[in-house]
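Me: I have a chain in front of me and would like to go through its fold step by step. Please keep each answer short and end it on the value or name I ask for.

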Amino acid sequence: MLGEKTGVEQLRLKQPIRAVFVLHRNYLTTVKLRDIILTVVKKGLFIVNILKTIISNGFLLLIPIFLWNVAFAKKLPPSFGKEAMDNGMPKYILMGENVLRMIVFIAPLLFITDISTKVGGIGFAVYIIGLTVYFASWLAVIYRPKSVWSKSIFGYAAPAYTTAIWFLGICLMTKTYHFGIPYQRWHYMAASILFIGVHTLHSLIAYKTKIGDCHGTETK
C-alpha cells in the first residue's frame, strides 16, 4: 500500500511538471509563430513599398512610348528614316536635340507621380489623350502615307509636336522627386518645351529640304 501511495503521489507530482512543460512548449510555439507572422508581414510590407515605388515612378510612363517606337519605327516611310531626317541637318540642331532628349527621358527616373489628387487625375487623363493622339499621328503616316494629311507639313511633323500632350500629362502627374528634392512643374516643363521645339524644328527642316524626294514630288 505504501508503494502504491508513493506511486500515486509521484504521478501527482509529475502532472504539474508536465503541465508546466506543455505550457512552456506552447509558449515557445506561440512565440515562434508570432515571429514568423511578423517576419512575413514585414517582408510583405517591404514588397508592397517596393511595388508602390515602382508604380509611382515617372519613368514607367515612358515605357509605352519606348515600346511603340520599337514596334513601329521600322514601319515608318523612308522620309522618316535617319538618313532622310539627319543628312544636311545643322549639327547644333542634332546635338541640341540629343542632349534634350536624354534630359527629358532620363529625368522621370527621379519623379514620384500621384494620380489620386485632382491635378494628378487631370494629368493622367491628359497623358492618355496624348498617347492616343501621338500613336494616331504615327499610324496616319504609316498606313496612309500618300494622304493629304501625311504629305502636309502638319502631318509630317505630327509625331514630333504631339509629344507635347503626354509630356504635359507627365508634368501634371508628378508630385515630387525621390530623395526629398523639392519639385516644381516648370523644371520638367521647360526641358520638355525646349525638346519639343528642337524636335519639331528638326522635322520642319527635314520636310522643307527633303519632301520632294520623300513623296516623289519636286521641291521648289
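Reply: One definition is needed to begin with: helices, of at least four residues, and strands, of at least two, are DSSP runs numbered from the N terminus. T200 lies in helix 9 by that numbering. The model is a predicted one.

Me: How many helices and strands does the chain have?
Reply: From the N terminus on, the elements run α-α-α-α-β-α-α-α-α-β-α. The secondary structure therefore comes to nine helices and two strands.

Me: Is T200 buried or exposed?
Reply: T200 is in contact with A160 and Y161, leaving aside its neighbours within four places in sequence. Buried means under 20% relative accessible area. The relative accessibility of T200 is 14%, so T200 counts as buried.

Me: What share of the residues in the chain is buried?
Reply: The chain has 220 residues. The buried part of the chain comes to 34%.

Me: Which helix gives the most residues to the largest nonpolar core?
Reply: This core has 35 residues, of which Y127, W166, F167, I170 and Y188 touch the most other members. Helix 2 (63-72), helix 4 (91-106), helix 5 (118-143), helix 8 (163-173) and helix 9 (185-215) each supply at least two residues of the core. With seven residues, the one that gives the most is helix 5.

Me: What is the relative accessible area of Y188?
Reply: Y188 lies in helix 9. Not counting residues up to four places away in sequence, Y188 touches V104, A107, P108, F111, F167, I170, C171 and Y183. Y188 is buried, because the cut-off is under 20% and its relative accessible area is 3%.

Me: How far apart are the C-alpha atoms of Y188 and C171?
Reply: Along the chain, Y188 and C171 are 17 residues apart. Y188 nevertheless touches C171. Their C-alpha atoms are separated by 6.5 Å.

Me: Which residues does F167 touch, not counting residues up to four places away in sequence?
Reply: F167 is one of the buried residues of helix 8. F167 is also among the core residues that touch the most other members. Its contacts are V104, F105, Y188, S192, F195 and I196.

Me: How many of the residues of helix 8 are buried?
Reply: Helix 8 is mostly covered. Its buried residues are T163, W166, F167, G169, I170, C171, L172 and M173. Of the 11 residues in helix 8, the number buried is eight.

Me: Are helix 5 and helix 8 roughly parallel or roughly antiparallel?
Reply: Helix 5 and helix 8 pack with their axes 7 Å apart, at an angle of about 160 degrees. Angles over 145 degrees count as roughly antiparallel. Helix 5 is therefore, relative to helix 8, roughly antiparallel.

Me: How many charged residues are in the contact of helix 5 with helix 8?
Reply: Helix 5 contributes residues including V119, G120, Y127 and Y134, and helix 8 residues including T163, W166, I170 and M173. By class, the contact has 15 nonpolar and five polar residues. The number of charged residues is none.

Me: How are helix 5 and helix 7 oriented to each other?
Reply: The axes of helix 5 and helix 7 (residues 153-161) come within 8 Å and cross at roughly 140 degrees. The crossing is left-handed, and Y134, S137, W138 and V141 in helix 5 meet G155, A158 and P159 in helix 7. That angle is not over 145 degrees, so the two helices are oblique.

Definitions and conventions: Residues numbered from 1 in each chain as written. Predicted model: local features only at pLDDT ≥ 70, side-chain atom pairs only at ≥ 80, totals over all residues. Heavy atoms only, no water. Core = buried A, V, L, I, M, F, W, Y, C linked by side-chain atoms within 4.5 Å. Buried < 20%, exposed > 50% of the residue type's maximum accessible area, 1.4 Å probe, protein only. Contact = heavy atoms within 4.5 Å. Axes fitted to C-alpha atoms, helices over the stretch in contact; angles between N-to-C directions. Parallel < 35°, antiparallel > 145°, perpendicular 65-115°, else oblique. Nonpolar A, V, L, I, M, F, W, Y, C, P; charged D, E, K, R; others polar. Left-handed = near helix turned anticlockwise from the far one by under 90°.
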